[in-house]
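Got the viewer open? Here's a short tour: what to select at each stop, and what you'll find there.

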Amino acid sequence: MTHDMDEALKIADRIVILKEGEVEQYGTPDDILQNPKTDFVKSFIGKDRMSRFLKTSHKTVKFYQDWLIPNQPDGNQYEIDASETLQSLTELFVEKQYDVAKVTDGNKVIGYLTKDAFIKALASERGDLDE
């Protein structure tokens with residue numbers, strides 16, 4: 001089953017997670033990985049799977065600077081340096097449940113990245129959005 005789920009996440013446009021014949025969640029692989037709606041979906045997907053399927057490679061937070069906004073938005077925020085790995089940013093938004101990353105370069109604030117903008121940035125890399 002693990003291999004089948006991994007393949008589905010790689011190639012599917014949409015995935016349906018069923019529990020006892022009832023739909024637990026329907027959505028894109030990225031949406032399900034980043035926003036599991038129920039505890040069942042979280043346990044079905046598994047914590048380690050998300051980091052394997054999001055494109056973390058050797059990119060840093062600075063790679064997503066085009067998605068930064070200049071003004072501080074509302075929301076639960078955490079400060080992160082632009083040189084941090086994308087894996088760190090993913091953990092910030094998914095595991096720690098922050099809404100906003102205050103991105104700094106040394107002591108200088110270079111902008112704010114919202115969780116929603118980050119998800120859109122990742123999806124656009126996969127070709128899931130027309131932005």
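**Stop one: a pair in a helix**

Select Phe40 and Phe44: they sit four residues apart in helix α3 (residues 39-45), so about one helical turn separates them. Keep in mind as you go that this is a predicted model. Phe40 is partly exposed, at 25% relative accessible area, and Phe44 is partly exposed too, at 26%.

**Stop two: two tyrosines**

Now pick Tyr78 and Tyr98. Their ring centres are 5.1 Å apart and the planes meet at 55°, so this pair counts as tilted. Tyr78 belongs to strand β3 while Tyr98 is in the loop between α5 and β4, so the pair ties together parts 20 residues apart in sequence. Tyr78 has a relative accessibility of 35%, which makes it partly exposed.

**Stop three: the strands**

Stay with β3 (residues 77-81) and add β4 (residues 100-105): the two run parallel, joined by five bridges. To get from β3 to β4, the chain passes through helix α5 (residues 86-94), making a right-handed β-α-β crossover. For one of the contacts, show Asp81 with its bridge partner in β4, Thr104.

**Stop four: an aromatic cluster**

Next, select Phe63, Tyr64, Phe93 and Phe118, which make up one aromatic cluster.

**Last stop: the surface**

Switch on the surface and colour Val16, Leu18, Val23 and Tyr26. Together they form a nonpolar patch with about 400 Å² of accessible area. The elements giving two or more residues to this patch are β1 (15-19) and β2 (22-27). Finish on Val23, found in strand β2: is Val23 buried or exposed? Its relative accessibility is 54%, so Val23 counts as exposed.

Definitions and conventions: Residues are numbered from 1 along each chain as its sequence is written. This is a predicted model: local features need pLDDT of at least 70, side-chain atom pairs count only at pLDDT 80 or more; totals for chains, interfaces and linings use all residues. Side-chain values use heavy atoms; hydrogens and water are left out. Patches are made of residues with over 30% relative accessible area and no salt bridge: like charges are joined within 9 Å, nonpolar side chains (Val, Leu, Ile, Met, Phe, Trp, Tyr) within 5 Å. Accessible areas come from the Shrake-Rupley method with a 1.4 Å probe; for residues, only the protein chains shown count as cover. A salt bridge is a side-chain nitrogen of Lys or Arg within 4 Å of a carboxyl oxygen of Asp or Glu. Buried means under 20% relative accessible area, exposed over 50%, partly exposed in between (1.4 Å probe, protein chains only). Two strands pair if DSSP finds at least two bridges between them. A crossover is right-handed if, with the strands pointing away from the viewer, the path from the first strand over the helix to the second runs clockwise. Rings of Phe, Tyr and Trp (its six-membered ring) pair if their centres lie within 6.5 Å; planes under 30 degrees apart count as stacked, over 60 as edge-to-face and the rest as tilted.
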